[in-house]
Amino acid sequence: MPRAPDGEIGEAHDPETHLVPLVLAAARRGVPVRIFGDDYDTRDGTCVRDYVDLSDIADAHVNALEHLHNGGERGTLNLAKARGFSVKEVIAAAEKVCGHAVRHEPAPRRPATRRS
């Protein structure tokens with residue numbers, strides 16, 4: 001459950017649908033995490049996502065407001081790390097941190113969702 005460092009703000013998911021908490025729960029409980037699709041046109045066939053820290057997003061908003069307040073032009077920006085991580089790479093990172101394998105199993109792709 002992503003939260004601010006002080007724990008005051010954040011979001012709770014029930015049921016959880018985000019990859020990182022699901023992988024960590026699988027590592028802790030020894031149950032497999034499902035990989036929804038392993039046939040994508042990516043480095044390892046699994047879906048790739050770009051992860052941005054909540055505090056970085058907040059800082060970007062503050063900087064944008066200061067820019068506008070100081071007479072800067074408005075514009076459209078995309079906040080990203082410029083390199084995404086695949087589902088299998090996230091699992092491998094969790095394995096490194098936890099010191100043991102994280103069970104995983106393939107599952108069919110989930111239906112696409114459209115975000116506006």
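1. Charges first. The protein carries 16 positive and 18 negative charges, and the mean positions of the two sets sit 6 Å apart. Keep in mind while reading on that this is a predicted model.

2. On the surface: the accessible area comes to about 9300 Å². Carbon and sulfur atoms account for 53% of that area. As for the inside, buried residues make up 17% of the 116 residues.

3. Now the overall shape. The radius of gyration is 17 Å, whereas a compact globule of 116 residues would come out near 13 Å. If you'd like dimensions to go with that, the C-alpha trace spans about 55 × 35 × 25 Å along its principal axes.

4. Secondary structure is quick to list: three helices and four strands. Walk along the sequence and you get the pattern α-β-β-α-β-α-β. Take the contacts between residues at least 6 apart in sequence, and 71% of them join residues at least 24 apart.

5. Have a look at T46. You'll find T46 in the loop between β1 (33-36) and β2 (48-49). Is T46 buried or exposed? T46 counts as buried, because its relative accessibility is 0% and the cut-off for buried is under 20%.

6. What does T46 touch, once residues up to four places away in sequence are left out? The list runs to I35, G37, D38, Y40, S86, V87 and K88. Of these, I35 belongs to the residue range of β1 (33-36). Closer along the chain, T46 also has a side-chain partner: a polar contact of 2.6 Å joins the side chains of T46 and D44.

7. H67 is the other residue I'd pull up on screen. H67 is found in helix α2, which covers residues 54-69. H67 counts as partly exposed because its relative accessible area is 42%, and that class runs between the 20% limit for buried and the 50% limit for exposed.

8. Which residues does H67 contact, leaving aside its neighbours within four places in sequence? The answer is G72 and E73. With E73 there is a specific atom pair to show: a polar atom of the H67 side chain lies 2.9 Å from the backbone oxygen of E73.

9. Put the two residues side by side. T46 is a loop residue with 0% relative accessibility, and its polar contact listed here goes to the side chain of D44. H67 is a helix residue with a relative accessible area of 42%, and its side chain has a polar atom 2.9 Å from the backbone oxygen of E73.

Methods. Residues are numbered from 1 along each chain as its sequence is written. This is a predicted model: local features need pLDDT of at least 70, side-chain atom pairs count only at pLDDT 80 or more; totals for chains, interfaces and linings use all residues. Side-chain values use heavy atoms; hydrogens and water are left out. Helices (H or I, at least four residues) and strands (E, at least two) are DSSP runs, numbered from the N terminus. The radius of gyration is taken over C-alpha atoms; the globule rule is 2.2 Å times the number of residues to the power 0.38. Buried means under 20% relative accessible area, exposed over 50%, partly exposed in between (1.4 Å probe, protein chains only). Contact means heavy atoms within 4.5 Å. Accessible areas come from the Shrake-Rupley method with a 1.4 Å probe; for residues, only the protein chains shown count as cover. Lys and Arg count as positive and Asp and Glu as negative; His and the chain ends are not counted. The place of a charge is taken as NZ of Lys, CZ of Arg, CG of Asp or CD of Glu. A polar contact is a pair of N or O atoms within 3.5 Å; within protein, one must be able to donate a hydrogen and the other to accept it, and residues adjacent in sequence count only if both atoms are side-chain atoms.
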